[in-house]
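Ready for some practice in reading a protein model? Work through each exercise with the structure open beside you, and try each task before you look at its solution.

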Amino acid sequence: MGTAQADTDFRVSRESAIRFIVTLGTISLLADVTYEGARSVNGPFLGTLGASAAIVGIVSGSGELIGYVLRLAGGVAADKTRRYWTLTVIGYVINLLVVPFMALAHHWGVAAALIIAERAGKGLRTPSRDVMLSQASKVVGRGWGFGLHEFMDQTGAFLGPLLVALVVAETLHYNRAYALLGIPAGLAILALIRAITLYPDPSRFDEPATPASQSGSLSRQFWIYVVAGGLIAFGFVDLPLIAFHFQKTNVVSPALIPVLYAVAMGIEGLSALASGKLLDRLGTPVLIAGVLLAAASNPLVFFGSFWAAVAGMALWGAGMGALQSTMRARIADLVPAERRGSAYGIFNTAFGVLWFAGSSAIGILYGRSLASAVTFAVVTQLAAIPLLLMVRRRPT
């Protein structure tokens with residue numbers, strides 16, 4: 001009788017955890033439709049308001065940098081207050097509601113402020129969201145839980161730009177596209193409220209917290225992992241630079257560039273789902289495979305013909321999907337539950353700052369020597385592999 005009851009409790013807990021992960025994934029899907037749809041036209045929209053190319057670059061880079069830096073503050077606040085839902089709600093409300101307000105912007109300065117606020121909201125809420133996701137993923141497998149969430153997240157990133165493209169093609173107005181994005185934003189907030197009602201305390205999925213250990217230092221393995229993640233980010237080539245190269249060299253026609261972007265996002269989602277499942281079985285080799293895929297994409301997109309560029313974009317999406325889901329999942333195994341908020345904040349902040357710095361370096365190198373830019377990206381990412389092997393751990 002006791003064994004049967006234990007099996008029933010595990011099944012109920014597992015089913016509940018999966019439902020919670022899908023609920024978080026639904027929120028992320030709707031949110032990504034909103035802000036990724038907006039981000040696909042933020043640059044051109046700023047241009048219509050009189051912003052120069054330099055301003056567009058500064059606004060975009062500053063927004064990303066501020067968003068990642070705020071993840072550190074959000075993570076520390078999550079550990080200190082344990083108010084994961086509160087921080088998540090505040091972040092999502094800022095992250096989502098500024099998007100439809102873009103429709104009312106008639107000066108590039110106002111639009112720029114809203115763009116930066118959107119990134120700041122995402123930065124604030126991401127560590128708390130990831131802590132709750134790690135709690136539920138304890139039951140179903142870290143890799144599978146984060147992979148499923150990333151798949152749903154990227155589905156929204158795939159649909160959002162396509163929706164905006166259709167609206168802009170039909171109406172020839174960016175403002176109407178921003179206004180329409182208020183619908184998925186509202187639905188995401190309703191889904192968030194519903195999630196809080198159904199799952200007020202996601203920590204029940206995980207081991208009990210022990211606040212006494214909160215003051216303990218993070219492990220050496222974690223810091224090595226942060227360096228490894230930083231090297232991977234430092235060598236990432238941003239899609240805007242890839243698109244710039246395609247347009248400059250005429251390898252891909254301007255009309256097909258957004259299509260390749262959407263395809264890469266779709267592949268990223270599928271890769272996240274598969275890689276997450278494999279992570280629970282194989283562990284670190286899945287992370288290494290993601291690094292190899294991302295590194296291999298660079299010579300194809302920059303040195304190849306049209307079909308090589310298509311293959312390169314596919315590898316770029318596959319590598320990003322493998323890394324975006326699995327790297328977050330492994331953090332939960334490297335730190336105690338009481339320090340996860342800070343750990344996610346530290347990792348994401350280092351990742352974002354080095355991505356920003358690496359993107360700048362690759363862009364400068366691109367202007368001087370294409371070969372040096374590609375070499376820098378590949379070598380930097382491959383340098384992370386020995387560090388990943390140093391923190392290798394059997395999947396739990």
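**Exercise 1.** Find the partner with which R142 forms a salt bridge, and decide whether the two residues are buried or exposed.

*Solution.* Start with the bond itself: R142 pairs with D333, and their closest N and O atoms are 3.2 Å apart. That fits the rule for a salt bridge, which asks for a side-chain nitrogen of Lys or Arg within 4 Å of a carboxyl oxygen of Asp or Glu. Next, place the partners: R142 belongs to helix α5 and D333 to helix α12 (residues 306-334), so this pair links distant parts of the chain, 191 residues apart. (Helices are DSSP runs of H or I with at least four residues, strands are runs of E with at least two, and both are numbered from the N terminus.) Finally, check the cover: R142 is buried, with a relative accessible area of 6%, and D333 is buried too, at 12%. Here buried means under 20% relative accessible area, exposed means over 50%, and partly exposed lies in between (1.4 Å probe, protein chains only).

A word on the model: it is predicted, so local features need pLDDT of at least 70 and side-chain atom pairs count only at pLDDT 80 or more, while totals for chains, interfaces and linings use all residues. Residues are numbered from 1 along each chain as its sequence is written, and side-chain values use heavy atoms, with hydrogens and water left out.

**Exercise 2.** Which residues are linked in a network of salt bridges?

*Solution.* A search of the whole structure gives 10 salt bridges. Take R39 and E64: their side chains meet at 2.5 Å, N to O. R39 sits in helix α1 and E64 in helix α2 (residues 53-81), 25 residues apart. R39 counts as partly exposed at 33% relative accessibility, and E64 does at 21%. Now look at R119, which bridges to E118 with the closest N and O atoms 2.6 Å apart; both of these residues are buried. The full network is E36, R39, E64, E118 and R119.

**Exercise 3.** What kind of aromatic pair do F20 and Y199 form?

*Solution.* First, the rule: rings of Phe, Tyr and Trp (its six-membered ring) pair if their centres lie within 6.5 Å, and planes under 30 degrees apart count as stacked, over 60 as edge-to-face and the rest as tilted. The whole structure holds 15 aromatic pairs. For F20 and Y199 the centres are 5.1 Å apart and the planes stand at 65°, so the pair is edge-to-face. F20 lies in helix α1 (residues 2-48) and Y199 in the loop between α7 (182-198) and α8 (220-234), so the pair ties together parts 179 residues apart in sequence. F20 is buried at 0% relative accessible area, and Y199 is buried at 7%.

Then try F45 and Y178: this pair is also edge-to-face, at 4.9 Å centre to centre and 65° between the planes. Since F45 lies in helix α1 and Y178 in helix α6 (residues 174-180), the pair ties together parts 133 residues apart. F45 counts as buried at 2% relative accessibility, as does Y178 at 0%.

**Exercise 4.** Where is Q154 found, and which residues does Q154 touch?

*Solution.* Q154 is found in helix α5 (residues 142-171) and is buried, with a relative accessible area of 7%. Leaving out residues up to four places away in sequence, Q154 touches M265, E268 and G269; contact means heavy atoms within 4.5 Å.
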